Amino acid sequence: MSENRKPFASILLKTAGKTVKFEAFPSELFPDGPTGTGLYRLRMDGRWLDCKGCKYCYMDMDEIGEMLAAGLQGIVGQPRTEQPALPRGSLVRVPSRKIGDKQYYEKVRTSSDLLRGQDGHHYVLVTLYRWGTRLVRVDDIGIIEVAQ
């Protein structure tokens, strides 16, 4: 079955006699994709790129740029898999509520290891006093102490 969606961009990468074609599709073109987020799903040589542990992999422009730079170094087709060192039991600072212009935080321990969402971001489970157990994006928390 051929692809009916039109790519946002196509890039042909040639290195050391090897040619790889990348196509980027906006996430809005997919029924289950995040909307309005500036994320893209990549197809490499006609096959959808997948991330470890995710059904679909969406990347932002920075991640796509890193992948292309890695392709120039001969490491083609591997999405960014770096994970912050944040094991279960780490002490973190999580935004809990906002009153007026003042943001309040809670110090809590993580209840899970890192999870990678469909949007490509890392998440962790925390339990907040007022709100119970929640998934929080790692980019939104402050790491106080990493558990051993």
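Let me start in the interior of this protein, where the largest nonpolar core has 12 residues, namely Leu13, Val20, Phe22, Ala24, Tyr40, Leu42, Leu49, Cys57, Met59, Ile64, Met67 and Leu68. The elements that give two or more residues to this core are strands S2 and S3 together with helix H1, which covers residues 61-72. Apart from this core lies another one, of 11 residues, and among them are Leu86, Leu114, Val136 and Val138. Before I go on, please keep in mind that what you have in front of you is a predicted model.

To stay with one member of the first list for a moment, Ala24 touches Pro7, Phe8, Ala9, Tyr40, Arg41 and Leu42, once we leave out the residues up to four places away in sequence.

Now let me step back to the whole chain. The protein chain has 148 residues, and buried residues make up 38% of them. It contains one helix and 11 strands, and if you read the elements from the N terminus on, the order is β-β-β-β-β-α-β-β-β-β-β-β. If we take the contacts between residues at least 6 apart in sequence, 37% of these join residues at least 24 apart. The accessible surface of the chain comes to about 9,500 Å², and 49% of that surface belongs to carbon and sulfur atoms.

Next, the aromatic rings. How many aromatic pairs does the structure hold? It holds three, and the one I would like to show you is formed by Phe30 and Trp48, an edge-to-face pair with 5.5 Å from centre to centre and 85° between the planes. Phe30 lies in the loop between strand S2 (18-26) and strand S3 (40-44), while Trp48 is in strand S4 (residues 47-48), so the pair ties together parts that are 18 residues apart in sequence. Are these two residues buried or exposed? Phe30 counts as buried, because its relative accessibility is 4%, whereas Trp48, with a relative accessible area of 27%, is partly exposed. Ring pairs also bring in Phe25, so that Phe25, Phe30 and Trp48 are linked into a cluster.

Charged side chains meet rings here as well. Arg41 lies over the face of Phe30, at 5.0 Å from the ring centre, and Arg41 is also one of the residues that Ala24 touches. Elsewhere, the charged end of Arg93 sits over the ring of Tyr105, 3.7 Å from its centre.

Let me now turn to a loop, the one between strand S7 (102-109) and strand S8 (115-116), where we find Thr110. Thr110 is buried, since its relative accessible area is 4%. Which backbone atom lies 3.1 Å from a polar atom of the side chain of Thr110? That atom is the backbone oxygen of Pro87. If we leave aside the neighbours within four places in sequence, Thr110 is in contact with Leu86, Pro87, Arg88, Gly89, Ser90, Val92, Val124, Leu125 and Val126.

The loop between S7 and S8 also holds Ser112, which is buried because its relative accessible area is 6%. The side chain of Ser112 reaches the backbone nitrogen of Leu125 at 3.0 Å, and, not counting residues up to four places away in sequence, Ser112 touches Pro87, Arg88, Val124 and Leu125.

Val124 has now come up in the contacts of Thr110 and in those of Ser112, and it deserves a look of its own. Val124 lies in strand S9, residues 122-128, and counts as buried because its relative accessibility is 0%. Leaving out residues up to four places away in sequence, it touches Leu86, Thr110, Ser112, Asp113, Leu114, Arg134, Leu135, Val136, Val138 and Ile141. As for Ile141, which is 17 residues from Val124 along the chain, the C-alpha atoms of the two are separated by 9.7 Å.

I will finish with a backbone detail at Asp45, which is placed in the loop between S3 and S4. Phi of Asp45 is near 50°, a positive value in a residue other than glycine. Asp45 counts as partly exposed, because its relative accessibility is 47%.

Note on methods:
Residues are numbered from 1 along each chain as its sequence is written. This is a predicted model: local features need pLDDT of at least 70, side-chain atom pairs count only at pLDDT 80 or more; totals for chains, interfaces and linings use all residues. Side-chain values use heavy atoms; hydrogens and water are left out. Helices (H or I, at least four residues) and strands (E, at least two) are DSSP runs, numbered from the N terminus. Buried means under 20% relative accessible area, exposed over 50%, partly exposed in between (1.4 Å probe, protein chains only). A polar contact is a pair of N or O atoms within 3.5 Å; within protein, one must be able to donate a hydrogen and the other to accept it, and residues adjacent in sequence count only if both atoms are side-chain atoms. Contact means heavy atoms within 4.5 Å. Rings of Phe, Tyr and Trp (its six-membered ring) pair if their centres lie within 6.5 Å; planes under 30 degrees apart count as stacked, over 60 as edge-to-face and the rest as tilted. A charge sits over a ring if NZ of Lys or CZ of Arg is within 6 Å of the ring centre and within 35 degrees of the ring normal. A nonpolar core is a set of buried Ala, Val, Leu, Ile, Met, Phe, Trp, Tyr and Cys residues joined through side-chain atoms within 4.5 Å. Accessible areas come from the Shrake-Rupley method with a 1.4 Å probe; for residues, only the protein chains shown count as cover.
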